[in-house]
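Ready for a little guided practice? Have a look at the model shown here, and then work through the exercises at your own pace.

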Amino acid sequence: DDLKIPVFLLIIILGGAGFYFYNKSQNPVQPKVKPKKVVEVSVSDEEKAQAKVEAQQEKINNAKKSFAKEDYSKTLELLSGLENESNYDIQHMFAYCYSSKKEYDRAIVFFEKALKIKKVPVDGYSLAYLYEVTGRSSAAASLYTDLSEQELPPNLRKAVYEGIARVSSFMPNNSN
């Protein structure tokens, strides 16, 4: 009788161990894997700035293509938001696009901006002509005179002298 309790406990322990090992072989436990940390990839300010510059350059290149095709409305649409850029090509395109749309005052502003960036005689002539067309004869005469003192190709020189002749009749000292 004294052995009944230890034998009984031994049977229970062996049965429990057998049950445990049997279940373990049927449902193997997956090894514990630590979850991977999610690494946020942040775009640096420099990369953002570079992307912005590339997007703007793409916009400008497309605008140049439209400008070359004389699609001035499309050019203005593409250049929208770049009015204050200190880029000669942008200001030049704005000036000629507004001039072609007969929005002379806006064209004058952009020609003046373009000429501050880069002194191109053809743009100076165009600005003088717009001054003339909008009734600003003294400003036109002054600009035509400045242009006549520069080294110009023959066709532009001729146009400048014709401009001087046109506005000189409206000048106060020639009204005699």
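Three exercises follow, each with a worked solution; keep in mind that this is a predicted model.

**Exercise 1. The overall build**

Work out how many helices and strands the protein has, and what share of its residues count as buried.

Solution.
- Step 1: Begin with the secondary structure. The protein has 8 helices and 0 strands, and from the N terminus on its elements run α-α-α-α-α-α-α-α.
- Step 2: Turn to burial. Of the 176 residues, 27% count as buried.
- Step 3: Look at the surface. About 13100 Å² is exposed, and carbon and sulfur atoms supply 57% of that area.
- Step 4: Consider how contacts span the sequence. Among contacts between residues at least 6 apart in sequence, 42% join residues at least 24 apart.

**Exercise 2. The largest nonpolar core**

Find which residues of the largest nonpolar core touch the most other members, and which helix gives the most to this core.

Solution.
- Step 1: Recall a general tendency. In soluble globular proteins, nonpolar side chains tend to be buried together.
- Step 2: Pick out the best-connected members. The largest nonpolar core holds 33 residues, of which Leu-79, Phe-94, Tyr-125, Leu-127, Tyr-144 and Val-160 touch the most other members.
- Step 3: Assign the core to elements. Two or more residues each come from H2 (45–68), H3 (72–79), H4 (88–100), H5 (104–117), H6 (121–133), H7 (137–148) and H8 (154–168). The most come from H4, which gives 6 residues.
- Step 4: Zoom in on Leu-127. Leaving aside neighbours within four places in sequence, Leu-127 is in contact with Ile-108, Phe-111, Glu-112, Leu-115 and Leu-143.

**Exercise 3. Gln-91 and Ala-114**

Decide whether Gln-91 is buried or exposed, and do the same for Ala-114; then trace their contacts.

Solution.
- Step 1: Place Gln-91. This residue sits in helix H4. Its relative accessible area is 1%, and the cut-off for buried is under 20%, so Gln-91 is buried.
- Step 2: Find a polar partner. A polar atom of the Gln-91 side chain lies 3.0 Å from the backbone oxygen of Glu-83.
- Step 3: List the wider surroundings. Apart from neighbours within four places in sequence, Gln-91 is in contact with Leu-82, Glu-83, Asn-84, Glu-85, Phe-110, Lys-113, Ala-114 and Ile-117.
- Step 4: Move to Ala-114, which lies in helix H5. Ala-114 is buried too, because its relative accessible area is 0%.
- Step 5: Check the contacts from this side. Not counting residues up to four places away in sequence, Ala-114 touches Tyr-88, Gln-91 and His-92.
- Step 6: Compare sequence and space. Ala-114 and Ser-86 are 28 residues apart in sequence, and their C-alpha atoms are 8.2 Å apart.

Technical notes. Residues numbered from 1 in each chain as written. Predicted model: local features only at pLDDT ≥ 70, side-chain atom pairs only at ≥ 80, totals over all residues. Heavy atoms only, no water. Core = buried A, V, L, I, M, F, W, Y, C linked by side-chain atoms within 4.5 Å. Buried < 20%, exposed > 50% of the residue type's maximum accessible area, 1.4 Å probe, protein only. Helix = DSSP H or I, 4+ residues; strand = E, 2+ residues; numbered from the N terminus. Contact = heavy atoms within 4.5 Å. Polar contact = N/O pair within 3.5 Å; in protein donor to acceptor, adjacent residues only side chain to side chain. Areas by Shrake-Rupley, 256 points an atom, 1.4 Å probe, with all protein chains shown as cover.
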